There are 2 protein chains.
Amino acid sequence: MSKQDVSISRSGGCCTPISVAALDEATASEGAAVFKALSDPIRLRLMSIIASAGAEVCVCDITPHFNVSGPTISHHLRVLREAGLVDCERRGTWVYYWPLPDRQQWISTLLSVPETTALAR
Amino acid sequence: MSKQDVSISRSGGCCTPISVAALDEATASEGAAVFKALSDPIRLRLMSIIASAGAEVCVCDITPHFNVSGPTISHHLRVLREAGLVDCERRGTWVYYWPLPDRQQWISTLLSVPETTALAR
């Protein structure tokens with residue numbers, strides 16, 4: 001792991017929350033694919049380990065957190081990568097992972113709710 | 001649909017975002033179940049229609065948005081209800097749905113990313 005500090009800036013609110021407007025079919029398909037990637041407890045824990053690390057994470061430091069095989073962990077990491085939630089780079093023996101905050105923030109914004117929602121019933 | 005205005009107040013940020021701390025297994029299982037409910041494009045569109053309506057929605061006004069059968073829509077709505085994302089009430093012939101913003105905001109907060117994330121690489 002190198003020592004260079006990289007500041008990730010994000011584009012911020014990049015979509016209209018579902019509490020404001022109904023989704024079109026294309027956005028619903030895109031969003032559902034991201035939710036599917038996070039719909040497994042192991043993948044959600046993997047995502048949280050990578051997102052909270054504050055640095056890129058070697059797969060060698062991830063695997064010991066789980067009682068499943070290395071290939072299983074690799075499979076789940078590939079699903080997260082294909083959903084655009086993380087990226088990785090192989091250096092020598094190991095693969096290093098880091099989060100892609102734009103994608104994560106996109107679905108967070110999609111689900112955000114105005115502080116007080118007036119519901120006419 | 002009655003005319004009473006109901007203001008839904010929410011408990012706000014109710015969990016630690018995954019960008020701040022890794023999830024424990026119990027929270028990961030709970031979160032993954034909610035993401036699974038949203039991992040289908042039809043369910044995500046259903047959720048967005050209910051969340052954005054600003055009023056409770058009759059299932060009779062939901063079904064015409066989709067090219068699938070009524071029982072299929074009912075199945076998907078039941079999945080959203082079991083995930084704690086919507087609730088419903090039968091009145092006469094029809095069932096009326098409304099969003100449960102606490103649950104929706106919980107997963108939004110879970111995925112939220114600080115404005116600038118410094119990643120040491």
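Me: Two strands pair if DSSP finds at least two bridges between them. How do you know that β3(A) and β4(A) pair?

Reply: The two strands, which run antiparallel, are joined by 6 bridges, and the threshold is at least two, so they count as paired. One of the bridges has A:Glu89 partnered with A:Tyr96 in β4(A). The model is predicted, so local features need pLDDT of at least 70 and side-chain atom pairs 80 or more, whereas totals for chains, interfaces and linings use all residues. Residues are numbered from 1 along each chain as its sequence is written, chains are lettered from A and ligands numbered from 1 in the order in which they are written, and side-chain values use heavy atoms, without hydrogens and water.

Me: What makes β2(A) a partner of β4(A)?

Reply: β2(A) and strand β4 (residues 94-99) of chain A share 2 bridges in the antiparallel sense. That meets the minimum of two, so the strands pair. At one of these positions A:Cys58 has A:Tyr96 as its bridge partner in β4(A). β2 (57-58) itself qualifies as a strand because a DSSP run of E needs at least two residues, while a helix is a run of H or I with at least four, both numbered from the N terminus.

Me: Why are β2 and β3 of chain A called edge strands?

Reply: The sheet of chain A is open, with the order β2-β4-β3 and antiparallel pairing. β2 (57-58) and β3 (86-91) each pair on one side only.

Me: What stands at the edges of the sheet in chain B, and why?

Reply: Chain B has an open sheet of 3 strands, again listed as β2-β4-β3 with antiparallel pairing. β2 (57-58) and β3 (86-91) of chain B have a single partner strand each, so one side of each lacks a neighbour in the sheet. β3(B) pairs with strand β4 (residues 94-99) of chain B over 6 bridges in the antiparallel sense, and B:Arg91 has B:Trp94 as its bridge partner in β4(B).

Me: Which strands does α2(B) touch, and at what angle does it run to β4(B)?

Reply: α2(B) packs on β2, β3 and β4 of chain B, and its direction makes about 80° with that of β4(B). Helix α4 (residues 70-82) of chain B touches β3 and β4 of chain B and makes about 125° with β3(B). Touching is contact, meaning heavy atoms within 4.5 Å; angles run from 0 to 180 degrees between N-to-C directions of axes fitted to C-alpha atoms, for helices over the stretch in contact.

Me: How do the axes of α1 of chain A and α2 of chain B cross?

Reply: The axes of helix α1 (residues 25-37) of chain A and helix α2 (residues 41-52) of chain B come within 8 Å and cross at roughly 115°. α1(A) is therefore roughly perpendicular to α2(B), a label for 65 to 115 degrees (under 35 is roughly parallel, over 145 roughly antiparallel, the rest oblique). A:Glu25, A:Ala28, A:Ser29, A:Gly31, A:Ala32 and A:Phe35 meet B:Pro41, B:Leu44 and B:Arg45 there.

Me: Which classes of residue make the contact of α1(A) with α2(B)?

Reply: That contact has 5 nonpolar, 2 polar and 2 charged residues. Ala, Val, Leu, Ile, Met, Phe, Trp, Tyr, Cys and Pro count as nonpolar, Asp, Glu, Lys and Arg as charged, and the others, Gly among them, as polar.

Me: Why are α1(A) and α5(A) called roughly perpendicular?

Reply: Their axes come within 11 Å and cross at roughly 115°, and α1(A) and α5(A) are therefore roughly perpendicular to each other. A:Thr27, A:Glu30, A:Gly31, A:Val34 and A:Phe35 in α1(A) face A:Arg103, A:Trp106, A:Ile107, A:Leu110 and A:Leu111 in α5(A) across the contact. By class this contact has 6 nonpolar, 2 polar and 2 charged residues.

Me: What makes α5 of chain A largely enclosed?

Reply: Of the 11 residues of helix α5 (residues 101-111) of chain A, 9 are buried, so the rest of the structure largely encloses the helix. Among them are A:Pro101, A:Gln104, A:Trp106 and A:Leu111. Buried means under 20% relative accessible area, with exposed over 50% and partly exposed in between (1.4 Å probe, protein chains only).

Me: Why does B:Gln104 count as buried?

Reply: B:Gln104 has 1% relative accessibility and so counts as buried. B:Gln104 lies in helix α5 (residues 101-111) of chain B. Beyond neighbours within four places in sequence, the contacts of B:Gln104 include A:Ile18, A:Leu111, A:Val113, B:Met47 and B:Leu85.

Me: How do you know whether A:Ala55 is buried or exposed?

Reply: The relative accessible area of A:Ala55 is 13%, so this residue is buried. A:Ala55 sits in the loop between α2 and β2 of chain A. A:Pro99 is 44 residues from A:Ala55 in sequence, and the two are 9.1 Å apart in space, C-alpha to C-alpha.
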